[in-house]
Amino acid sequence: MGNPKIVSILLTIACFVFIGRIIGEFNCFGIFKREKDTTFSKMDNMIYIPICVYLNISLGCSIDYFKIKKATRFL
């Protein structure tokens, strides 16, 4: 499974990447986009943003799992 500390760091980086994707770049994608009437924009709202939110929550739970695993490894 790997070193829990390294896995936690990588999962934290992935969480920040998905948070950045959710927020967006203020033009074409993300919550604060300006282009709201294109097909991609509508799909972004219906599919891509919810998937990124779900993945971010899942990664957050995984980070907690690896922190708990690291803390109980010596018991």
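Accessible areas come from the Shrake-Rupley method with a 1.4 Å probe, and for residues only the protein chains shown count as cover. By this method the accessible surface of the protein chain comes to about 5500 Å², of which 71% belongs to carbon and sulfur atoms.

The model is predicted: local features need pLDDT of at least 70, side-chain atom pairs count only at pLDDT 80 or more, and totals for chains, interfaces and linings use all residues. Residues are numbered from 1 along each chain as its sequence is written, and side-chain values use heavy atoms, with hydrogens and water left out.

**Stop 1: the whole chain.** Select the protein chain and show it as a cartoon. There are 2 helices and 0 strands; helices (H or I, at least four residues) and strands (E, at least two) are DSSP runs, numbered from the N terminus. The radius of gyration is 16 Å, well over the 11 Å that the globule rule gives for 75 residues, so the chain is more spread out than a compact globule. That radius is taken over C-alpha atoms, and the globule rule is 2.2 Å times the number of residues to the power 0.38. The C-alpha trace spans about 55 × 20 × 15 Å along its principal axes. Of the 75 residues, 24% count as buried; buried means under 20% relative accessible area, exposed over 50%, and partly exposed in between (1.4 Å probe, protein chains only).

**Stop 2: Asp44.** Next, select Asp44, which lies in helix α2. Its relative accessibility is 0%, so Asp44 counts as buried. Leaving out residues up to four places away in sequence, Asp44 touches Arg21, Phe29, Gly30, Lys33, Ile49 and Pro50. Contact here means heavy atoms within 4.5 Å.

**Stop 3: Cys52.** Move along helix α2 (residues 39-71) to Cys52. With 8% relative accessibility, Cys52 is also buried. Apart from neighbours within four places in sequence, Cys52 is in contact with Phe18, Arg21 and Ile22. Now add Ile31, 21 residues from Cys52 along the chain: the two C-alpha atoms are separated by 11 Å.

**Stop 4: the cysteine sulfurs.** How many disulfides does a search of the whole structure find? It finds 0, where a disulfide is a pair of cysteine sulfur atoms within 2.5 Å. Select Cys28: the closest cysteine sulfur, in Cys52, is 15 Å from its own, too far for a bond. Cys28 is partly exposed, with a relative accessible area of 37%. Finish at Cys61, which is in no disulfide; the nearest cysteine sulfur, that of Cys15, is 9.3 Å away.
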